[in-house]
Amino acid sequence: MAVLAGNAADIYIATGSGTAMTGEAVTSLGSGVYQITNTSKRAINPNASVTVLDGVSTVPKANYQIGWASGKITLTNGYTAGGTITITAEYLTLAQAAQAYEWSYDSEVITEESQTFGDTWKERTLVMKSGTISFQRFYNNAYFANTNLGSYYVLYLYTNLAGNDRFMAAGHMSSAGITSGKNELIKENVSFALHGEVDFSTT
């Protein structure tokens, strides 16, 4: 069985407000997945309106999913593009906020009971997916603990640094904790509640 050594985690915060992009070009990755071609515009602002166009027609929101950190658009519900896909939205300019020595990513599915009268076993229907990310770093200032609690971040969690293999996610910081012991380095644990889908990229 192949094993992987632990690698880096990079945490970015948006600097300033979003910058508008209109009719931004995307690249088809196949299987109904498109990605913003310009790598500097892939962090999409979740607080601005987003319009995905198929040629000149607006794609209904129910028919696509946005990767807020990766700039990916995944067509869903059997929708197939008939023209050129473009996106009109805002992108965020990012600045690195921290690096970590340990990270964790936890995902879960949310289900609702869907049994009806006469069923003898419970049935469940998948309604949503969710995730959280936390990282640990050596404390050196109050950047996370006080200044930016609740801020929006983009996170890259690397599994193979040389190959650039990484989970890409975005979300708001939900908590920060600091621990200190006698004759030990001060450490900080920061957690994030994720917004939208988590993407795994190898490019």
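Let me start with contacts. In this protein chain, take the contacts between residues at least 6 apart in sequence: 65% of them join residues at least 24 apart. Keep in mind that this is a predicted model.

Now the overall picture. The chain has one helix and 15 strands. Its C-alpha atoms fill a box of roughly 65 × 55 × 40 Å along the principal axes. There are 203 residues, and buried ones make up 36% of them. The accessible surface comes to about 11,500 Å². Carbon and sulfur atoms account for 51% of that surface. On charge, we have 11 positive and 16 negative. The mean positions of the two sets are 5 Å apart.

Next, the interior. Which residues touch the most other members of the largest nonpolar core? They are I44, I73, I87 and V154, in a core of 27 residues. Several strands give two or more residues to this core. Early in the chain, those are strand 2 (19-30) and strand 3 (33-36). Then come strand 6 (64-67), strand 7 (72-75) and strand 8 (85-91). Strand 12 (152-160) and strand 13 (165-179) complete the list.

Look at I87 in detail. Leave out residues up to four places away in sequence. I87 then touches M21, T22, G23, E24 and V26. I87 also touches I36, I44, V50, T51 and V52. I66 and I73 are contacts of I87 too. So two of the well-connected core residues, I73 and I87, meet directly, because contact here means heavy atoms within 4.5 Å.

There is a second, separate core as well. It has 17 residues, including I133, F135, F144 and L155.

Let me move to strand 7. Is it covered on one face or on both? Both: K72 and T74 are buried on one side, I73 and L75 on the other. Strand 7 has antiparallel neighbours. Three bridges join it to strand 3, and four join it to strand 6. On the strand 3 side, Y34 stands opposite I73. On the strand 6 side, Y64 has L75 as its bridge partner. Strands 6 and 7 form a hairpin with four residues between them. In that hairpin, G71 takes a positive phi near 75 degrees.

Glycine is one thing. Two other residues also have positive phi. The first I'll show is S31, at about 60 degrees, and it is not a glycine. S31 sits in the loop between strand 2 and strand 3. S31 is exposed, with a relative accessible area of 78%. The other is N77, again not glycine, with phi near 55 degrees. N77 lies in the loop between strand 7 and strand 8. Is N77 buried or exposed? Its relative accessibility is 63%, over the 50% cut-off, so N77 counts as exposed.

Stay in that loop for one more residue. A81 also lies between strand 7 and strand 8. Its relative accessibility is 23%, so A81 counts as partly exposed. What does A81 touch, not counting residues up to four places away in sequence? Its contacts are Y34, D54 and L75. Finally, the pair A81 and G55: 26 residues apart in sequence, and 8.5 Å apart in space, C-alpha to C-alpha.

Conventions:
Residues are numbered from 1 along each chain as its sequence is written. This is a predicted model: local features need pLDDT of at least 70, side-chain atom pairs count only at pLDDT 80 or more; totals for chains, interfaces and linings use all residues. Side-chain values use heavy atoms; hydrogens and water are left out. A nonpolar core is a set of buried Ala, Val, Leu, Ile, Met, Phe, Trp, Tyr and Cys residues joined through side-chain atoms within 4.5 Å. Buried means under 20% relative accessible area, exposed over 50%, partly exposed in between (1.4 Å probe, protein chains only). Two strands pair if DSSP finds at least two bridges between them. Accessible areas come from the Shrake-Rupley method with a 1.4 Å probe; for residues, only the protein chains shown count as cover. Lys and Arg count as positive and Asp and Glu as negative; His and the chain ends are not counted. The place of a charge is taken as NZ of Lys, CZ of Arg, CG of Asp or CD of Glu.
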